[in-house]
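Subject: Structure for you to look at

Hello,

I am passing on the structure we spoke about. Please have a look at it first; my notes follow below.

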Amino acid sequence: MGELLADHTTLRLGGSARQWLTHVHPADWTDLARTVRGPVFTLGGGSNTVAPDAGYDGTVIHMATRGIGVSTAEGGGVEVTVQAGEDLSALVAFTVAERLSGIEYLGGIPGMAGAAPVQNTGAYGQQIADTLTRVSAYDWQTGRTVHLTPGVCAFGYRTSLFKSTPGRFAILALTIRLTRSPLAAPVTYQPLADQLGVRRGTRVALGEAAAAVLADRAERGLLLPDEGPDARQVGSVFLNPTVTDDQADAVRVAGGPVHRGTDSRLRASAGWLLEHTGHHPGQALAPGVYCSSRRTLTLTARAGATATAFVHAAGLLAARVRSATGIRLHVEPACLGLPSPKGAALPQMGVPGT
């Protein structure tokens, strides 16, 4: 019996992997990659992964590399190179302590640094693509390590080359360029401005901004709890969907929020759409699967839950929203070999390796 994926995902669901490899030392990657045969899946903290109940008939590589290097960047600024297995929130705390501005609003997001480019992780007006200068990754198609610049990473709203070509790359490290400053980037997100008691556009001390982010995330149920009914989760289950002008008008008339994203496309709030169609925090959706007690957009697993039931519940939510509004929701967490739920688009991960 192989390593249980349930022991390495925050949902605590998933059967055994046929082969489990842990990557600890960066210099060992070439030798480790040679041992992989058949399908391969790279796993970090497991906070954005739904693993199948039947397990994975392939190789799972657990990224556990550590290390943060700081150097002066050519042309100004500071470059920070971080290994894929470093905790993202720990990286944010490190940069704040070093008085480096650029990712201070990404604190409290669970997961490893190596996962950030996949989702183009973002919050409070910042996203990892804003500061990224290089991604070091292993290309399973060519069997070579490549160093990719932002221009070829196809970053967008919670997407990237790594997400649109699932399983092709294993991210090994990333380099970001930050600015040495005691002040955070201007506050652009109104709830964060309210938390800080300042106007939008104000710059506050780095430590103050980082602490306000954690406080706001805690108040809105956006931190991953250590225990309790909401502890087993993968965060927001759906992305905020793109909408047409007519759909946006209908949402606004019904009292819902619509905003224009960094990609200039109109987006509605997935959480609002779920509540508008009759769902609510704490709602039971399937055996062992509930909406979080704090927010409808987060689904949680409790006793008796299965990955199949989790995906089915997501499909029910998406189908109701689409039936009522015509808006299609897209599932945010990566799903390993699970069928797409009816009514929702599901990102798949894991393809043949070497």
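The largest nonpolar core has 41 residues, and the members that touch the most others in it are Ile-103, Tyr-105, Phe-162, Ile-176 and Leu-192. Please keep in mind that this is a predicted model. Several elements each supply at least two residues of this core. Among the helices these are α2 (88–97), α3 (116–119), α4 (161–164), α5 (190–196) and α6 (206–219). The strands β6 (78–83), β10 (132–139) and β12 (169–180) do so as well.

To see one of these residues in its setting, take Leu-192. Leaving aside residues up to four places away in sequence, Leu-192 touches Tyr-105, Tyr-124, Val-187, Ala-212 and Val-213. Tyr-105 is also on the list of members with the most contacts to others in the core.

There is also a second core, separate from this one, with 38 residues. Ala-248, Ala-270, Leu-285 and Leu-329 are included in it.

Two points on the backbone are worth a look. Arg-12 is not a glycine, yet its phi is positive, at about 60°. Arg-12 lies in the segment before β1 (17–23). Its relative accessibility is 42%, so Arg-12 counts as partly exposed.

The other point is Arg-99, again a residue other than glycine with a positive phi, here near 60°. Arg-99 sits in the loop between α2 and β7 (100–101). Because its relative accessibility is 48%, Arg-99 counts as partly exposed.

Regards

How values were computed. Residues numbered from 1 in each chain as written. Predicted model: local features only at pLDDT ≥ 70, side-chain atom pairs only at ≥ 80, totals over all residues. Heavy atoms only, no water. Core = buried A, V, L, I, M, F, W, Y, C linked by side-chain atoms within 4.5 Å. Buried < 20%, exposed > 50% of the residue type's maximum accessible area, 1.4 Å probe, protein only. Helix = DSSP H or I, 4+ residues; strand = E, 2+ residues; numbered from the N terminus. Contact = heavy atoms within 4.5 Å.
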